Amino acid sequence: MSSLMEKDRPIVQLLLNTGTCPRCILRFCCVGSQTLYRCPYKDLMKDLKEFLKNNQEQEDTVCFDIVDPPCKRIRLECAEGPDDLNHNGALQQIPSVNDENTAIESSSVKVCNVCLGILQEFSEADFVKKVCQKVISADYQFTSFVFSVSLPPQLSVRERAAWLLVKQEMGKLGLSLAKDDIVQLKEAYKWIIHPQLSEELGVPADGKSLFEVSVVFAHPETDEECHFLATACPDCFKPAKNKQSVFTRMAVIKALEKIKEEDFLKHFPCPPSSPKDLCVALEIQCNNGAVFVAGRYNKYSRNLPQTPWIIDGERKLESSVEELISEHLMAEFKADSFNFSSSGREDVDVRTLGNGRPFAIELVNPRRIHFTAEEMKGLQQTINNSSDKIQVRDLQLVTRSAIGRMKEGEEEKTKTYSALIWTDRAIQKEDIAFLDDIKELKLDQKTPLRVLHRRPLAVRCRIIHTMKSEYIDEHHFRLHLKTQAGTYIKEFVHGDFGRTKPNIGSLLNRTADILELDVESVDVDWPPTLDN
C-alpha cells in the first residue's frame, strides 16, 4: 500500500503553489507506484486538492489504491535543524504553505515549472498515438521495443532547484531528502508511456529489444538556463566533436554535482519560474539494431576490386565485390547503410576460387529483419544471377559475436594459392623440382612498396608451409602454395627489390615475376556450410 502521508502535505501545498504538476509532486514525495503515475492528469489534480482539504492529522490521511510497492522512500533522519537557504536571498517569496486557497488556485498553472510539460501533455494518449503513427508509417519489422527519451539539459537545473526547495521544507519537519530519493523524470515518464505504447503497437516493451523508439524534446524558451554553470564550472563544458552545444545533459549533470548549493542559489531562482510554453518534440525516430549476414564469395574477374577503388576522389572501376553483394541485401532488408568485412582481401587482378572467401555485411537500421532459410537461399540466387563476376554461397543470418571467428582466421589460419610465374632465363622441370621439397620456409617481408601508402613500415615474419611446382614451358611454371595468412605472394615471387627474403627469384637464381594469381582456399571454418 503506497500513499501520501501527513508529512507530505506541506510539500504538496508548496509545490502546487509554485506551479508544479501533480506527477512531479508525486516524484518529489517519493511515490514509487507506477500505476499511480498512469492515472489521468485531471484525476491526480483532483486527488491532490482533496488531500489538501482533508484536515485529518493521522499519518495515512489519503490513500491511493495501489498494488505496486514503492521503489524509493524518504530517508527519516534526526536532523539538527532545517536547512537554511534564505540567507543568500535566492529563495523567492512564495505563497504561505498554510494558505490552502492559494495552493489550489496555483494548481491551475498550465505548464509545470519542473518537467516543462513532459509529464503533462506528452504523457497523454494523443501524443502516444502520434508516436505510434510515426512508428507504423516507418514500416519496420519488430516483436518488441525499447523506448528512449532525450530531455533538455535545463530540466536537470530545474530539478535541482525544486529539490533544494523541498529539502528546505522537509528540514523544517526534521526530515531529509536526498537527490536519489526522488523518482527520476525519465523513469516516471517511461512508467506512463510504456503500457500505452505496448497497447497501441501490440508488442511488449523490452529493455533488451533491438528496436528503439526515441523522442527528443527541446524547450527553446529556457535554453539559456544552463549557461551560468559554464562560468561556475568551466571544466565541465568542453567542446566535443559532433556536439552542437557544450551544454549536453551529461555536462550539466556533472556541473551540478560540483557546484555548491549556495553558488547555485545565487544564479538560479528557487523555486524555478513557470514557463509560458510546453516542450516541443523535435524528433520522433525509430531505429532497428543491425542485422548481420555472412557467406562466402567467389571472384572470377581479374578486373574487379573487393571494395570501391577510389583514388583522390576519382573512381577507377565501376563496381566491386562489396557492391555487387550489398546492393541486393540493402534492397531486401531495407537498410540505411552497410559495413562490409571479410577474412582478408585479394588484389583487383586476383581471382578467389574454391569454396570462396568468408565475408560478413552489417546492415544498419534495417526495416525488414525476419527471413526464412528459403528466403535467404532465394536472395543468394538473386545475387548470383545478377553478375558473372562473382558468386556467393552459404548466405545466412549471423550474430555480431560470430563475426569474431572470421576475423580470427585472418592471421591464424592458412591460405592456398596458385601462381603463374615467368622467368627471364629458360628453365627445365628439374630446375624447379626442389621447390616441392621445401617445407616451413620462413620469410622476412618488409612492407611492400605497393601498400606502403596505407600500411606502416615493418618487417613481418611469414611462413610458406608447402609448395608444389607444375612445369609449363621454358619460361613459365605454376606454383601451388600453402602459406600463413597475411603472406604477400606477389612479393615472394619477384622479391620486391629485395624487400622479401628469400623469394622465388633468389631461390632459382634468376629474375622471376608473377603473371596471374588465384586464391584457391581460405581455411577459415566459418560461416557454417549450408546445403546449397
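This is a short tour of the structure, stop by stop, with a suggestion of what to select at each one.

**The whole chain**

Begin with everything shown as a cartoon, and keep in mind that this is a predicted model. You will find 17 helices and 17 strands in the chain. Of the 532 residues, 50% are buried. Now think about contacts between residues with a separation of 6 or more: 81% of these join residues 24 or more positions apart.

**Stop 1: a sheet of 3 strands**

Select residues 146-150, 211-218 and 280-288. Here is an open sheet of 3 strands in the order β3-β4-β5, and its pairing is mixed. Which strands stand at the edges? They are β3 and β5. Each has a single partner strand, so one side of each is left without a neighbour in the sheet. On average, neighbouring strands here are turned by 15 degrees against each other, ignoring direction.

Zoom in on the pairing of β3 with β4, which is parallel and runs over 5 bridges. To see one of the facing positions, show V146 of the chain and look opposite to E212 in β4. Then add residues 185-201, which form helix α8. This helix packs on the sheet and touches both β3 and β4. The direction of α8 makes about 140 degrees with that of β3.

**Stop 2: an exposed isoleucine**

Select I136, which lies in helix α6 (residues 125-137). Is I136 buried or exposed? With a relative accessibility of 58%, I136 counts as exposed, because the cut-off for that class is over 50%. Next, draw a distance from the C-alpha atom of I136 to that of L201: your viewer should give 8.1 Å, although the two residues are 65 apart along the chain.

**Stop 3: two helices side by side**

Select residues 154-172 (helix α7) and 249-258 (helix α10). Their axes come within 8 Å and cross at roughly 30 degrees. Angles under 35 degrees count as roughly parallel, and therefore α7 and α10 do too. Show side chains for the residues that make the contact: S156, V157 and R160 on α7, with R249, V252, I253, L256 and E257 on α10. Colour them by class and you get 4 nonpolar, 1 polar and 3 charged residues.

**Stop 4: strand β12 and its two partners**

Select residues 414-423, which make up strand β12. Is this strand mostly covered or mostly open? Strand β12 is mostly covered, with 8 of its 10 residues buried.

Add residues 476-484, strand β15, which runs antiparallel to β12 and is joined to β12 by 9 bridges. Within this pairing, L420 has R478 of β15 as its bridge partner. Then add residues 512-522, strand β17, which also pairs with β12 in the antiparallel sense, over 9 bridges. Here W422 is the residue to show, with D513 in β17 as its bridge partner. In general, strands of a sheet pair through backbone hydrogen bonds.

**Stop 5: salt bridges**

How many salt bridges does the structure hold? There are 24. Three of them make good selections.

Stay with β17 and pick D518 together with R302; the closest N and O atoms of this salt bridge are 2.7 Å apart. The pair brings together strand β17 and the loop between β6 (291-299) and β7 (310-311), 216 residues apart. R302 is partly exposed, at 26% relative accessibility. D518, by contrast, is buried, with a relative accessible area of 4%.

Move on to R367 and D336, whose closest N and O atoms are 2.5 Å apart in their salt bridge. R367 sits in the loop between β10 (351-364) and α13 (373-386), while D336 sits in the loop between α12 (321-333) and β9 (337-342). D336 counts as partly exposed at 47% relative accessibility.

Finish with D347 and K490, a salt bridge with its closest N and O atoms 2.9 Å apart. D347 is in the loop between β9 and β10, and K490 is in helix α16 (residues 489-494), 143 residues away. D347 is partly exposed at 21%, whereas K490 is buried at 14%. Widen the selection to include D349, R450 and E491: together with D347 and K490 they are linked in a network of salt bridges.

Terms used:
Residues are numbered from 1 along each chain as its sequence is written. This is a predicted model: local features need pLDDT of at least 70, side-chain atom pairs count only at pLDDT 80 or more; totals for chains, interfaces and linings use all residues. Side-chain values use heavy atoms; hydrogens and water are left out. Buried means under 20% relative accessible area, exposed over 50%, partly exposed in between (1.4 Å probe, protein chains only). Helices (H or I, at least four residues) and strands (E, at least two) are DSSP runs, numbered from the N terminus. Two strands pair if DSSP finds at least two bridges between them. Axes are lines fitted to C-alpha atoms, for helices over the stretch in contact, and angles run from 0 to 180 degrees between N-to-C directions. Angles under 35 degrees count as roughly parallel, over 145 as roughly antiparallel, 65 to 115 as roughly perpendicular and the rest as oblique. Contact means heavy atoms within 4.5 Å. Ala, Val, Leu, Ile, Met, Phe, Trp, Tyr, Cys and Pro count as nonpolar, Asp, Glu, Lys and Arg as charged, and the others, Gly among them, as polar. A salt bridge is a side-chain nitrogen of Lys or Arg within 4 Å of a carboxyl oxygen of Asp or Glu.
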